[in-house]
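Work through the exercises below with the model open. Try each task before reading its solution.

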Amino acid sequence: MRRMILNRLGTSVLSLFLLVTIVFLLIHATPGGPAYSILGMHATPEAVAALNKQMGLDHPIWQQYGIWWEHLFEGNLGYSFTQHAPVASLMGSYLANSIILYVLATVIAVLFSVLIGMFQGYWAERTPGVLIGAGQIIVYSIPTFFIGVMLILFFAIYVSWFPPGGIGGEQSAGGALNIGSYFHHMVLPAITIALPLTAGLSRYFGHQARSEYRLDYVRTARARGVPPLRVALNHVLRNAIRPLVTVIGMMIPGIFVGGILTESVFNYPGLGWLLWRSALEQDYPTLSAIVLLIGVLTILGNLAADLTNSILDVRVRYE
């Protein structure tokens, strides 16, 4: 177990090193260098030279690379010249909103994926299972922004059940923040992110459940007269859900990609919305910091998924 943990930690550290190095090289590969990307291609040489000196870009590339690592260890992610604020504080004001939204969407996706996957595995190669599989392919193929627009048109405009965008959080009569308003505004964005995730995860989980239903121990339990619900919960679900943990860790980048489009459609002030705005304004310090954060969360998510899977399944430890 200890050797497995050290191997996973070593792989994660190496991945993190490569990620930071690639982001550093991409920043310096922009046309004209980072200074021209920030100030614009029509900036004067004097302004470019002043910004290069301010950002330490007048040093040799190897020295800049060392400074880049030093700033990262200090928590210094740079300065946003378009929004006139340190990138770290700028991201902090949006990160909490995204985490709440993405966690809510992931919980919804996992719960419905397990429910749909269990039905699909039980009715595999029969009409209900085929219909579920066709629905998964259709939902997974629909662009995220189209799902968001359709949800806004129906639930926000046609029936007026939910607000079309924003984050809410209005104060109640007593002056306290209205938590219910936050979640009321999050329902449609969370469903928009959760629908494609549910389609992908439920299809994978359905295949796992179908494989478990075909194994001998399930047939033996059925032959002994064990009720179908007990077979599904105590045997099939328990074993089929283990690989799902790893898949969820690998889908973290997909969650962020869906979040970028969703937050833009719903004007939700989260990290994805900030990334989209930074790309439009060519705010490369903020853009690179968000890419780094997404990469770090992906590496940590995969590491957590591997460790959790090794705890749930003893076979992974010996492999």
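The exercises go from the whole chain to single residues.

This is a predicted model, in which local features need pLDDT of at least 70, side-chain atom pairs count only at pLDDT 80 or more, and totals for chains, interfaces and linings use all residues. Residues are numbered from 1 along each chain as its sequence is written, and side-chain values use heavy atoms, with hydrogens and water left out.

**Exercise 1. Describe the chain as a whole.**

Solution.
- Start with secondary structure: the chain has 15 helices and two strands. Helices (H or I, at least four residues) and strands (E, at least two) are DSSP runs, numbered from the N terminus.
- Next, burial: of the 319 residues, 39% are buried. Buried means under 20% relative accessible area, exposed over 50%, and partly exposed in between (1.4 Å probe, protein chains only).
- Then contacts, meaning heavy atoms within 4.5 Å. Among those with a separation of 6 or more, 69% join residues 24 or more positions apart.
- Last, the surface: about 17700 Å² is accessible, and carbon and sulfur atoms hold 68% of that. Such areas come from the Shrake-Rupley method with a 1.4 Å probe; for residues, only the protein chains shown count as cover.

**Exercise 2. Find the two faces of helix α4.**

Solution.
- Locate the helix: α4 covers residues 61–74.
- Pick out its buried residues: Gln64, Trp68 and Trp69.
- Look down the axis: the buried residues fall within an arc of 140 degrees, so they line one face of α4. The arc is that of the directions from the helix axis to the C-beta atoms.
- Recall the geometry: an α-helix has 3.6 residues a turn, so residues three or four places apart point the same way.
- Turn to the face away from the buried side: the exposed residues Trp62, Phe73 and Glu74 sit there.
- Step past the end: just after α4, Gly75 has a positive phi of about 80 degrees.

**Exercise 3. Is Thr262 buried or exposed, and what does Thr262 contact?**

Solution.
- Place the residue: Thr262 belongs to helix α12 (residues 252–265).
- Check accessibility: Thr262 has a relative accessible area of 1%, so Thr262 is buried.
- Set aside neighbours within four places in sequence: Thr262 then contacts Thr144, Pro189, Thr192 and Ile193.

**Exercise 4. Classify Ala134 and relate Ala134 to Arg203.**

Solution.
- Place the residue: Ala134 lies in helix α6 (residues 127–141).
- Check accessibility: the value is 36%, so Ala134 counts as partly exposed.
- Compare positions: Ala134 and Arg203 are 69 residues apart along the chain, with 10.0 Å between their C-alpha atoms.

Conventions
The expected span of a helix is 1.5 Å times one less than its number of residues.
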